[in-house]
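User: Could you take a close look at one part of this model for me? I'm interested in its salt bridges.

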Amino acid sequence: MIDIDATLSIPEHELTFATSRSGGPGGQHVNKVSTRVTLYFDVAGSPSLDDSRRARILRRLATRISKDGVLRVVCQQHRSQAANREEAVARFAQLLREALAR
């Protein structure tokens, strides 16, 4: 479970992760290993969100959400996939906290 606030937690099974190769410098290692992590969260179809929270997230994060209602968070700062996955989850939680803040 990813805790967003005192009354909201998102189960990890609602998140989808995809990996790809990171761009930029890093030598030969960067050309062989998929370290970039993209997190997808279906805001429109999430059973964890009530209608008011869903509407607030869709409105405040409109630039990050696709037409289908899917939020996308990309992380490629670290050289390991695991570290990028953790960072993507942390960013996701922070984005939702900020979007839901009154």
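User: In which helix do Glu 87 and Arg 91 lie, and how many residues apart are they?

Analyst: Happy to help! This is a predicted model, in which local features need pLDDT of at least 70, side-chain atom pairs count only at pLDDT 80 or more, and totals for chains, interfaces and linings use all residues. Residues are numbered from 1 along each chain as its sequence is written, and side-chain values use heavy atoms, with hydrogens and water left out.

Both Glu 87 and Arg 91 lie in helix α2, 4 residues apart, or about one turn of the helix. Helices here are DSSP runs of H or I with at least four residues, strands are E runs of at least two, and both are numbered from the N terminus. The side chains of Glu 87 and Arg 91 form a salt bridge at 3.6 Å, N to O; the term means a side-chain nitrogen of Lys or Arg within 4 Å of a carboxyl oxygen of Asp or Glu. Glu 87 is partly exposed at 26% relative accessibility, and Arg 91 is partly exposed at 28%. On this scale buried means under 20% relative accessible area, exposed over 50%, and partly exposed in between (1.4 Å probe, protein chains only).

Helix α2 (residues 81–100) also holds Arg 85, which forms a salt bridge with Glu 12, their closest N and O atoms being 4.0 Å apart. That pair links distant parts of the chain, 73 residues apart, with Glu 12 in the loop between β2 (8–10) and β3 (15–20). Glu 12 is partly exposed at 40%, and Arg 85 is partly exposed at 37%. Across the whole structure, the search finds 3 salt bridges.
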